[in-house]
Amino acid sequence: MKPTSKVNRDFASLSPAVQRGSTVVFDSIADFVNRADRQPDGYNYGVTGTPTARLLEDRIALLEGGRHCVVAPSGAAALMTVLMSFVRGGDHLLLSAASYGALKSFGQNWLAHMGVQVEQYDPAIGAQIEAQILPNTRMICIEAPGSITMEMSDAPAIAHVARRHGVLTMMDNTWASPLGFQPLAHGVDFSVEAATKFFGGHSDVLMGTISMNDAGHYAAVRETQNTLGQQVSPDDCFLVLRGLETLSLRVRAQSEATLRIAEWLQGQPQVDRLLYPPLPFDAGHAVWKRNFTTNGCLFSMLLKPGPDAAFHSFFNTLSQFAIGASWGGVHSLAAFYPAAMQAARDWPATDQPVVRLSIGLDDVDVLKDDLRAALRAYQQQAG
Ligand SMILES: *Cc1c(COP(=O)(O)O)cnc(C)c1O
């Protein structure tokens, strides 16, 4: 039976349609034979996308100040899709030492075994990255602030040097979101977001987005997305489209609350140091202040040294913060990263365990009370 579109003719809604399909069908055999001509924007099979995905991609491209966007099933998938689109055996790839863990693993445990020369750089290196660029350098991956330890990288400076050498740049911009920083406006080729975090905003969906300006890059990323079978369900696209409706309100509220909590924590006796560029004493403050317009909702802290038992007491005392990885949603979260993880890194930011907090839409005073109680419990074990 052939499909009909008559049933939807007079229905108009403020809500986007969720359109499903494992395949698409064609009016004629000629259309079918030439179906590949519909790429990179059109639909020729389920994996090439749905109108629900295209609507989301258009909205995100607009937010990023870019011409094109491709969605992927997770933030991790988005990062890897960019690498698989452009990096080949024989190429040299530069990764920030503070990169998201799965990106580093993919470089070191997969690409390095496929003949890619994978090297890390000091996240604070800035324009001096030039000294690490080789004739075969293909791409530099930037993340600012870096995962867990929050080092600021000077993305505009790195992108500027990369362009001069004909090297591509990809930035993981999840911390700031395009409301806080627009990588593409600063010369970065690919802005990647874990839409799982701020865009979705409610801890109920995994997604990633890749935004860019260059039409050739877009065609390559779309082809890779299809070839790797990286399709995103229209239901998930709907959730992120809905999340975007409140994005600016959430980002603003969480950004303000996060700075207030961080400033307060700085003065607590059990706290050694916050890793958070919006604070004036952070090593990355000047770079943050020059380019970023929001405080994010995520920071890390180092406590005065204490045994494992003290950290256990801290986390077990929290009742408003759920314990868990991920961040950026309306619920506040706390995560723990042992000292050994930092020790194993190049350019480690610290040799101490890291406590990371994501501030949601909870009441700031309630969160402070919760943290105050947890810090007191820590103190009792730390002595
Ligand atoms: C969470 C996160 C990712 C990965 O996103 P997923 O959707 O969980 O795969 C990538 N980069 C950063 C900075 C993140 O925080």
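This is a short dialogue on reading two sheets and a ligand site in a predicted model.

User: Let's start with the sheet that has seven strands. In what order do the strands sit?

Analyst: To read a sheet, follow the strands from neighbour to neighbour. Here the order is β1-β7-β6-β5-β4-β2-β3, in an open sheet with mixed pairing. At the edges stand β1 (68-72) and β3 (117-121); each has a single partner strand, so one side of each lacks a neighbour in the sheet. Ignoring direction, neighbouring strands are turned by 20 degrees against each other on average.

User: How do β2 and β3 run, parallel or antiparallel?

Analyst: They run parallel, with five bridges joining β2 (residues 92-96) to β3. If you want a spot to look at, find His 92, which stands opposite Gln 117 in β3.

User: Which strands does helix α4 touch?

Analyst: Helix α4 (residues 101-110) packs on this sheet and touches β2, β3, β4 (137-143) and β5 (168-172). Its direction makes about 150 degrees with that of β2. Helix α2 (residues 51-64) lies across β1, β6 (190-194) and β7 (208-212), and runs at about 125 degrees to β1.

User: Now the sheet of five strands. Which strands stand at its edges, and why is one side of each left without a neighbour?

Analyst: Use the strand order again: β8-β9-β12-β11-β10, an open sheet with mixed pairing. The edge strands are β8 (271-275) and β10 (322-323); each has a single partner strand, and therefore one side without a neighbour in the sheet. Further in, β11 (residues 333-337) and β12 (residues 354-358) pair in the antiparallel sense over five bridges. In that pair, Leu 333 stands opposite Ser 358 in β12. Helix α8 (residues 247-266) packs on this sheet, touching β8, β9 (298-303) and β12, and its direction makes about 10 degrees with that of β9.

User: On to the ligand. How many residues surround it, and which are the closest?

Analyst: Begin with the shell, then go to single atoms. The ligand is surrounded by 14 residues, and the closest are Gly 75, Asp 172, Thr 196, Lys 197 and Trp 327. By class, the shell has six nonpolar, five polar and three charged residues.

User: What lies 2.5 Å from a nitrogen atom of the ligand?

Analyst: That is a polar side-chain atom of Asp 172. On the oxygen side, an N or O atom in the side chain of Thr 196 is 2.5 Å from an oxygen atom of the ligand. Trp 327 has a polar side-chain atom 2.8 Å from an oxygen atom of the ligand. As for cover, the ligand taken alone exposes 380 Å², and the protein buries 89% of that.

Key. Residues are numbered from 1 along each chain as its sequence is written. This is a predicted model: local features need pLDDT of at least 70, side-chain atom pairs count only at pLDDT 80 or more; totals for chains, interfaces and linings use all residues. Side-chain values use heavy atoms; hydrogens and water are left out. Two strands pair if DSSP finds at least two bridges between them. Helices (H or I, at least four residues) and strands (E, at least two) are DSSP runs, numbered from the N terminus. Contact means heavy atoms within 4.5 Å. Axes are lines fitted to C-alpha atoms, for helices over the stretch in contact, and angles run from 0 to 180 degrees between N-to-C directions. A residue is near a molecule or strand if one of its heavy atoms lies within 4 Å of it. A polar contact is a pair of N or O atoms within 3.5 Å; within protein, one must be able to donate a hydrogen and the other to accept it, and residues adjacent in sequence count only if both atoms are side-chain atoms. Accessible areas come from the Shrake-Rupley method with a 1.4 Å probe; for residues, only the protein chains shown count as cover. Ala, Val, Leu, Ile, Met, Phe, Trp, Tyr, Cys and Pro count as nonpolar, Asp, Glu, Lys and Arg as charged, and the others, Gly among them, as polar.
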